[in-house]
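These are my notebook entries on a structure I looked through. I set down what I looked up, entry by entry.

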Amino acid sequence: MTLYYTLVFLLLVTEMALFMLLIMPLPFAMRRKVFTFISENPIVAKVQYWLKITFVFILILFIDSVNRVYRVQVELAAATENTGTSAPAIMGHERLEVQARKFYSQRNMYLCGFTLFLSLILNRTYIMILEVLRLEEKLKQYEGTDKNTKQAEKLAVAGDPGEVARLKREVELRDQDIATLKKQAAGLHKEYDALAEKYGRTQEDGTLSKKDK
């Protein structure tokens, strides 16, 4: 097995281990901490970015292995048709070589295919577990059994890459601050108008009093 197919196999084993960790029955609090850690950690975000690039190369390897399997099948079928019933005696070592190439091509095709397929399953399983955790979080908040609002806020942005989630949260906090400042400014403006109107009435009353005198 070549180096890149060895790396694909190691990635497949890693995906299997991650899938087992995802479906492992853990308490709600621990599972929530794990998913918020995955969402906020910048190292995990970088790993996810490089994995996406790696899966593109694995897809190329998969297409190449499918092409090799097809070519070996065509070569084997053509050789069998040309030799007829005496194929085993005439081909000999060449036939064994073609069979070996067919086996290795099929192995590489299955290896890359299962790696890509399991990556899709992992992504979908991760999203489904996130949705379940958010629903459980909302249910606990409605029931009043969960007071950990910080963890709930972190869970709400989980699933995004760590740096993106952090920046999104900062933007939301700044938007909230801007909205608060706008409300304060509107309140001050109303108070200023009320004081100005009151002052104007006072001046008018004073002017009228002077005229009466």
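**Entry 1. Contacts of a buried serine.** I count two residues as being in contact when their heavy atoms lie within 4.5 Å. The model is a predicted one, and I began with Ser65, which is found in helix H3. I asked which residues Ser65 is in contact with, leaving aside its neighbours within four places in sequence. The list is Tyr5, Ser105, Asn108 and Met109. I then looked up whether Ser65 is buried or exposed. Ser65 has a relative accessible area of 1%, and the limit for buried is under 20%, so Ser65 is buried.

**Entry 2. Asn108.** I followed one of these contacts to Asn108, whose place is in helix H5, residues 93-143. Its relative accessibility is 10%, and Asn108 therefore counts as buried. With neighbours within four places in sequence left aside, I find Asn108 in contact with Tyr5 and Ser65. Tyr5 is listed for Ser65 as well. Tyr5 is itself buried, at a relative accessible area of 6%.

**Entry 3. Aromatic pairs.** I next searched for aromatic pairs and obtained a count of three. In one of them, the ring centres of Tyr4 and Tyr5 are 5.0 Å apart and the planes stand at 50°, so I recorded the pair as tilted. Tyr4 is partly exposed, with a relative accessible area of 45%, whereas Tyr5 is buried at 6%. I also noted the pair of Tyr49 and Trp50, which is edge-to-face, with 5.6 Å from centre to centre and 75° between the planes. Why is this pair called edge-to-face? The angle between the planes is 75°, and planes over 60 degrees apart count as edge-to-face, which is why the term applies. For exposure, I have Tyr49 as partly exposed at a relative accessible area of 49% and Trp50 as exposed at 55%. The limit for exposed is over 50%, so the two residues receive separate labels.

**Entry 4. Salt bridges.** How many salt bridges does a search of the whole structure find? I obtained two. In one, the side chains of Arg68 and Asp64 meet at 2.9 Å, N to O. Both residues lie in helix H3, residues 42-83, and they are four residues apart, about one turn of the helix. Arg68 is partly exposed, with a relative accessible area of 42%, and Asp64 is partly exposed as well, at 29%.

In the other, the side chains of Glu131 and Arg134 meet at 3.4 Å, N to O. Glu131 and Arg134 are three residues apart in helix H5, so about one helical turn separates them. I recorded Glu131 as partly exposed at a relative accessible area of 40%, and Arg134 as partly exposed at 23%.

**Entry 5. A nonpolar patch.** I turned to the surface and found a nonpolar patch formed by Leu18, Leu21, Met24, Leu26, Met30 and Val34. Together these residues have about 490 Å² of accessible area. Which helices each supply at least two residues of the patch? They are helix H1, residues 3-23, and helix H2, residues 28-40. I checked Val34 individually: it lies in helix H2, and at 36% relative accessibility it counts as partly exposed. Patch residues need over 30% relative accessible area, so Val34 satisfies that requirement.

**Entry 6. The whole protein.** I looked up the secondary structure, which comes to seven helices and zero strands. Along the sequence the pattern reads α-α-α-α-α-α-α. Of the 213 residues, 23% are buried. The accessible surface comes to about 15,700 Å², and carbon and sulfur atoms account for 66% of that area. Among contacts between residues at least 6 apart in sequence, I noted that 79% join residues at least 24 apart.

**Entry 7. Confidence.** I closed with the pLDDT values. The average for the protein is 76, and 74% of the residues score at least 70. Where is confidence lowest and where is it highest? The lowest mean, 47, belongs to helix H4, residues 87-91, and the highest, 88, to H1. Where pLDDT is low, the predicted coordinates should not be read in detail. I have accordingly left the coordinates of that region without further comment.

Technical notes. Residues numbered from 1 in each chain as written. Predicted model: local features only at pLDDT ≥ 70, side-chain atom pairs only at ≥ 80, totals over all residues. Heavy atoms only, no water. Buried < 20%, exposed > 50% of the residue type's maximum accessible area, 1.4 Å probe, protein only. Areas by Shrake-Rupley, 256 points an atom, 1.4 Å probe, with all protein chains shown as cover. Phe/Tyr/Trp six-rings, centres within 6.5 Å; stacked < 30°, edge-to-face > 60°. Patch = residues over 30% accessible without salt bridge, like charges linked within 9 Å, V, L, I, M, F, W, Y side chains within 5 Å. Salt bridge = Lys/Arg side-chain N within 4 Å of Asp/Glu carboxyl O. pLDDT = per-residue confidence, 0-100.
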